[in-house]
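Subject: Structure handover

Hello,

Here is the structure I said I would pass on. Please look through it first, then read the notes underneath.

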Amino acid sequence: MPAYEKYGISVQMVDRVKTKLKDPAAKERLKTAVGTVTKADLQSRSTVKRLLGLACKALDEKLTDAQKENVIRFVLDQKLDPNNPLHLIKMWNLFR
């Protein structure tokens with residue numbers, strides 16, 4: 001069971017997003033929408049919520065309030081630092 005499932009994030013939703021990100025245009029829209037993210041951004045509930053909204057809009061992904069809360073809680077609990085290669089490898093392994 002992937003770690004994100006423990007947070008109520010469905011495998012189907014993750015697979016849908018992964019499929020959408022295989023399209024170079026969608027991937028670029030997401031990069032443009034989210035921009036540069038810092039460790040502080042990923043540890044701030046309001047910023048993660050805003051980034052999730054931007055990502056959903058860029059990928060045309062509709063999430064319920066409960067799904068959004070699950071994703072936000074997951075991101076905050078990971079204590080990610082996008083400048084730490086070990087953190088990036090950890091996340092890559094979770095979603096590959």
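How do the residues of the lining of the largest pocket divide into nonpolar, polar and charged? There are 25 nonpolar residues, seven charged and two polar. Please keep in mind that this is a predicted model.

The pocket

The volume of the largest pocket is about 1,500 Å³. Its lining is made of 34 residues, and V17, L21, L30, M91 and F95 are the ones nearest the centre. Five helices each supply at least two residues of this lining: α1 (11–21), α2 (24–34), α3 (45–59), α4 (65–78) and α5 (85–95). The helix that gives the most is α3, with six residues.

Helix α3

Since α3 gives the most to the lining of the largest pocket, I looked at this helix in more detail. It has 15 residues, and the distance from its first C-alpha to its last is 21 Å, close to the 21 Å expected at 1.5 Å a residue. Its buried residues are T47, V48, L51, L52, A55, C56, A58 and L59. For reading such a list, it helps to know that an α-helix has 3.6 residues a turn, so residues three or four places apart point the same way. The cover over the buried residues of α3 includes α1, α2 and α4.

The loops

On one side of α3 is D41, which lies in the loop between α2 and α3. Is D41 buried or partly exposed? Its relative accessible area is 21%, and buried means under 20%, so D41 counts as partly exposed. Apart from neighbours within four places in sequence, D41 is in contact with T36, T47, V48 and L51. Of these contacts, T47, V48 and L51 are among the buried residues of α3. D41 and L21 are 20 residues apart along the chain, and their C-alpha atoms are separated by 22 Å.

After α3 comes D60, in the loop between α3 and α4. D60 is not a glycine, yet its phi is positive, at about 50 degrees. Most residues other than glycine have a negative phi. D60 is exposed because its relative accessible area is 52%, and the cut-off for exposed is over 50%.

K79 is another residue other than glycine with a positive phi, near 50 degrees. Where is K79 found? It is in the loop between α4 and α5. K79 has 55% relative accessibility, so this residue counts as exposed.

The aromatic pair

How many aromatic pairs does the count come to? It comes to one. The pair is formed by Y7 and F74 and is edge-to-face, with 5.2 Å centre to centre and 75 degrees between the planes. The two residues are 67 residues apart, so to speak at distant parts of the chain: Y7 is in the segment before α1, and F74 is in helix α4. Both Y7 and F74 are buried.

One residue of α2

R29 is in helix α2. It counts as partly exposed because its relative accessibility is 43%. R29 is eleven residues from K18 in sequence, and the two are 14 Å apart in space, C-alpha to C-alpha.

Regards

How values were computed
Residues are numbered from 1 along each chain as its sequence is written. This is a predicted model: local features need pLDDT of at least 70, side-chain atom pairs count only at pLDDT 80 or more; totals for chains, interfaces and linings use all residues. Side-chain values use heavy atoms; hydrogens and water are left out. On a 1 Å grid over the protein atoms alone, a cavity is a set of points where a 1.4 Å probe fits but cannot get out, and a pocket is an open set with protein on both sides within 12 Å along at least five of seven lines; lining residues have an atom within 4 Å of a point. Grid points are joined across faces, edges and corners, and a volume is the space filled by probe spheres set on the points. Helices (H or I, at least four residues) and strands (E, at least two) are DSSP runs, numbered from the N terminus. Ala, Val, Leu, Ile, Met, Phe, Trp, Tyr, Cys and Pro count as nonpolar, Asp, Glu, Lys and Arg as charged, and the others, Gly among them, as polar. Rings of Phe, Tyr and Trp (its six-membered ring) pair if their centres lie within 6.5 Å; planes under 30 degrees apart count as stacked, over 60 as edge-to-face and the rest as tilted. Buried means under 20% relative accessible area, exposed over 50%, partly exposed in between (1.4 Å probe, protein chains only). The expected span of a helix is 1.5 Å times one less than its number of residues. Contact means heavy atoms within 4.5 Å.
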